[in-house]
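Let's take a look at how the helices of this chain pack against one another. The sequence and the model come first, then the notes.

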Amino acid sequence: MSAQPCIDRVLVHPRDPGMVVLRVGDRRIGPIRRDDADKAGATEGRRWTAALASSMQALADEVGCRADALRRLGRRDMTRALLQERLTAKWGEALAQRVVTALERDGWIDDAAYAQRRAASLQARRPMAAERVQEHLEAEGVSATRARRAARTTRDDGALDQAMARWKKERRDAAWIARTLGRQGFEFDTIVSALHKAGIPCNLEA
């Protein structure tokens with residue numbers, strides 16, 4: 001009978017002294033938070049039982065999932081729902097939800113602040129009706145209430161005036177402008193009013 005494996009080494013992670021990596025034969029498990037490993041009694045020479053292996057892998061997965069989440073947040077702003085969806089595909093729903101909840105509690109995720117930033121970004125690119133901004137936000141995981149509030153509080157009518165002045169200078173006709181603004185969710189009456197305000201000839205019919 002072969003001897004039951006043991007933890008051969010407990011190595012300090014080279015980039016984070018608060019983390020350790022376990023060596024069991026030719027396997028490496030981790031990184032794991034040092035405090036968690038100490039609490040579980042994962043010391044050199046301890047027998048590597050199935051129960052210990054399972055608990056250490058769960059701890060390593062949690063560290064990995066959190067690191068994955070922070071990498072994603074470092075690349076782009078994300079809502080809680082969108083981040084959890086991306087993490088679930090790799091780490092499973094339960095772990096993803098636990099990690100995202102912890103990140104939200106620690107201030108790494110703030111859907112209300114995200115909604116304000118994203119609404120401002122959408123409306124800065126081109127004139128966009130508040131209802132269309134709300135649709136974008138909801139599609140990205142923002143709740144309907146937060147999306148509606150952000151879309152309306154960040155609305156900048158000056159963006160529409162600036163676009164109309166630019167299109168007038170470019171000699172865009174009323175029909176082209178109406179189609180462009182229509183795709184951005186503006187109502188017909190709003191479009192006609194903007195055309196008249198900009199002094200662009202308009203013979204459109206509803």
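H2 and H4 are oblique to each other, because their angle falls in none of the other classes (under 35 degrees is roughly parallel, over 145 roughly antiparallel, 65 to 115 roughly perpendicular, and the rest oblique). Their axes come within 10 Å and cross at roughly 60°; axes here are lines fitted to C-alpha atoms, for helices over the stretch in contact, and angles run from 0 to 180 degrees between N-to-C directions. H2 passes H4 in a right-handed crossing, where right-handed means that the near helix is turned clockwise from the far one by less than a right angle, and left-handed anticlockwise. On the H2 side the contact (heavy atoms within 4.5 Å) uses Asp61, Glu62, Cys65, Arg66, Ala69, Leu70 and Leu73, and H4 brings Leu95, Ala96, Arg98, Val99, Ala102 and Leu103. By type, that gives nine nonpolar, no polar and four charged residues. For the record, Ala, Val, Leu, Ile, Met, Phe, Trp, Tyr, Cys and Pro count as nonpolar, Asp, Glu, Lys and Arg as charged, and the others, Gly among them, as polar.

A quick word on what you're looking at: this is a predicted model, in which local features need pLDDT of at least 70, side-chain atom pairs count only at pLDDT 80 or more, and totals for chains, interfaces and linings use all residues. Residues are numbered from 1 along each chain as its sequence is written, and side-chain values use heavy atoms, with hydrogens and water left out.

H2 (residues 50-75) also packs on H3 (residues 80-91), again in a right-handed crossing. From H2 come Asp61, Gly64, Cys65, Asp68, Ala69, Arg72 and Leu73, meeting Leu83, Arg86, Leu87, Lys90 and Trp91 of H3. The mix here is six nonpolar, one polar and five charged. Further along, H5 (residues 111-125) packs with H7 (residues 144-153), and that crossing is right-handed too. Asp111, Ala112, Ala115, Gln116, Ala119 and Gln123 of H5 touch Arg146, Arg149, Ala150, Ala151 and Thr153 of H7. Sorted by type, these are five nonpolar, three polar and three charged residues.

Here are the two pairs side by side:

| Helix pair | Angle | Axis distance |
|---|---|---|
| H2 and H3 | about 140° | 11 Å |
| H5 and H7 | about 45° | 9 Å |

H2 and H3 are therefore oblique, and H5 and H7 are oblique as well.

Stepping back, the chain has ten helices and three strands; helices (H or I, at least four residues) and strands (E, at least two) are DSSP runs, numbered from the N terminus. The three strands lead and the helices follow. What is the radius of gyration of the chain? It's 27 Å, against near 17 Å for a compact globule of 206 residues (taken over C-alpha atoms, with the globule rule being 2.2 Å times the number of residues to the power 0.38). The C-alpha trace spans about 90 × 30 × 30 Å along its principal axes.

Two backbone details are worth a glance. Gly30 and Pro31 are joined by a cis peptide bond with omega of about 5°, and Pro31 sits in strand S3 (residues 27-33). Arg171, not a glycine, has a positive phi of about 65°, and lies in the loop between H8 and H9 (174-183).

As for confidence, the mean pLDDT (the predictor's confidence in each residue, from 0 to 100) is 91, and 96% of the residues reach 70 or more. Among the elements, H8 (residues 157-169) has the lowest mean, 82, and H4 (residues 93-105) the highest, 97.
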